[in-house]
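Me: I'd like to go through the helices and the empty spaces of this protein with you. Could you take my questions one at a time?

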Amino acid sequence: MTTAPLTERLVVRSHLVRGGADLLEMLPSPRGVLSWVQAGEGLVAWGEVARVCTEGPHRFARAQDWWSSFCTQLDTYDEVRLPGSGPVAFASLAFDDSPGSSVLVVPRVVVGRREGKTWVTEFQTGVATGPVVPVSRPRNLRYFDGELPVTAWRDAVARAVSQMRTGSVPAKVVLAHDLLAVADEPLDPRFLLHGLAGRYPSCWTFAVDHLVGATPELLLRRRGTEVFSRVLAGTRWPHNGTALGAQAADLLDSAKDRDEHRYAVDSLAQTLRPFCTELTVPGAPSVLELRNVLHLATEVRGRLHPAGPPLLTLADAVHPTAAVGGTPTPAAVSAIGELEAMDRGRYAGPVGWVDAAGDGELGIALRCAQVVGRFARLFAGCGIVAGSDPDSEVAEAAAKLVPIRDALERTD
């Protein structure tokens, strides 16, 4: 566990400002970009006051302990009093206990927008913001195989299906593969964020410590005693000229997809229920329509016990759900490591922000890429059950790579 500790108490202030500009337009440079934006609202940030990096099975608890201790060392003046005002940390946690490193970053400047109000939160560190750097687009983008090319991933899917039918692996595993994009010059994460936010406004467009993406799946939102989750599992994508309405009906009627979705909802509800005085789980899913795919979706709402645990502690309890892990989850995660044989890092791990009260929002890091210098490592995954067809899963994974590829390649 590594940290950047405070050497003295810091003052942090949040105050309302005028302005209706796009939040992403306010990011001054490609360096240290932080984002959590949906439909024009949320948080963007830059600069760094402190961070903690941790790993292993206790990464959530260690991150929460560090954040709680950090907040006791602050003098906070919050004139806004909205979710996301006051001191916040941006979080991105590894999918698995090993390998993978997790991080919390405390930004120096945050710009937030909610309920038509815009505010700035700033640490008084005496460090000036650097020059504004125009957003740059990728030059001469090329693609190469990642750690697990699509051909090897198809073989992994086929092995998983075969083993499921003999009962030697869990009922569901979620397998991912990667693709490497390379440009002539360092990639600007803001270019990617703009492309994702414009095309997928209902998703949460995020950037934390070089992991950039737009996720449609919210693991948990905590506001006081209220808790909310949007669970996704079961997918269709545009193909063969089929109308969206027909695809949606086919998705709702698919026993394979309904089973996959039920595993995901049940796993979340089972782990979240002990923390709640009440939990509402719809009996049937709806269909979430995105630009590139359709998903079965269920929105789960609950009320926590008084003085319920903070968001990171709740996330520790529910992650990974069957939506990104499998069923039964411990055995599925073990099978993922054997079948993938790659380090997926923070892909499919929780990503978002937390505040000093333990509230915040954490999505699941999907439809994303690790962007470092000239390189972007893109990820896509699919839930595999005994009824899965390897070729169909390859097509689904390709559809899930479309958001990042389109955002990198856009010319508008």
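Me: Thanks! Which residues of α5 are buried?

Reply: Happy to help, and please keep in mind that this is a predicted model. Buried here stands for under 20% relative accessible area. In α5, the residues that meet this cut-off are Asp-257, Glu-260, His-261, Ala-264, Val-265, Ser-267, Leu-268, Ala-269 and Leu-272.

Me: What span does α5 reach from its first C-alpha to its last?

Reply: Helix α5 covers residues 255-272, which gives it 18 residues. At 1.5 Å a residue, 26 Å would be expected. The model comes close to that, as α5 reaches 26 Å.

Me: Which element gives the most to the lining of the second largest pocket?

Reply: That pocket holds about 410 Å³ of space and is lined by 25 residues, with Val-318, His-319, Pro-320, Thr-329 and Pro-330 nearest its centre. The elements giving two or more residues to this lining are α1 (59-71), α5, α6 (311-318), β20 (326-327) and α7 (329-340). With six residues, the one that gives the most is α5.

Me: How many residues in the lining of the largest pocket are nonpolar?

Reply: The largest pocket has about 700 Å³ of space. Its lining is made of 33 residues, and Ser-29, Pro-30, Arg-31, Gly-32 and Val-33 lie nearest the centre. Set beside eight polar and five charged residues, the nonpolar ones number 20.

Me: On to the cavities: which element gives the most to the lining of the largest cavity?

Reply: The search of the whole structure finds two cavities of 30 Å³ or more, and the largest has a volume of about 220 Å³. It is lined by 25 residues, of which Ala-323, Leu-366, Arg-367, Gly-381 and Lys-400 are nearest its centre. Two or more lining residues come from each of β12 (172-182), β16 (226-236), β24 (375-385) and α8 (390-409). The one that gives the most, with five residues, is β24.

Me: And which element gives the most to the lining of the second largest cavity?

Reply: The second largest cavity holds about 40 Å³, and among its lining residues are Leu-218, Ser-229, Leu-268 and Ala-323. The elements that supply two or more of its residues are β15 (218-223) and β16. By class, this lining has six nonpolar, two polar and two charged residues. With three residues, the element that gives the most is β16.

Note on methods: Residues numbered from 1 in each chain as written. Predicted model: local features only at pLDDT ≥ 70, side-chain atom pairs only at ≥ 80, totals over all residues. Heavy atoms only, no water. 1 Å grid on protein atoms, 1.4 Å probe; cavity = no way out; pocket = protein on both sides within 12 Å on 5 of 7 lines; lining within 4 Å. Points joined across faces, edges and corners; volume = space filled by probe spheres on them. Helix = DSSP H or I, 4+ residues; strand = E, 2+ residues; numbered from the N terminus. Nonpolar A, V, L, I, M, F, W, Y, C, P; charged D, E, K, R; others polar. Expected span 1.5 Å × (residues − 1). Buried < 20%, exposed > 50% of the residue type's maximum accessible area, 1.4 Å probe, protein only.
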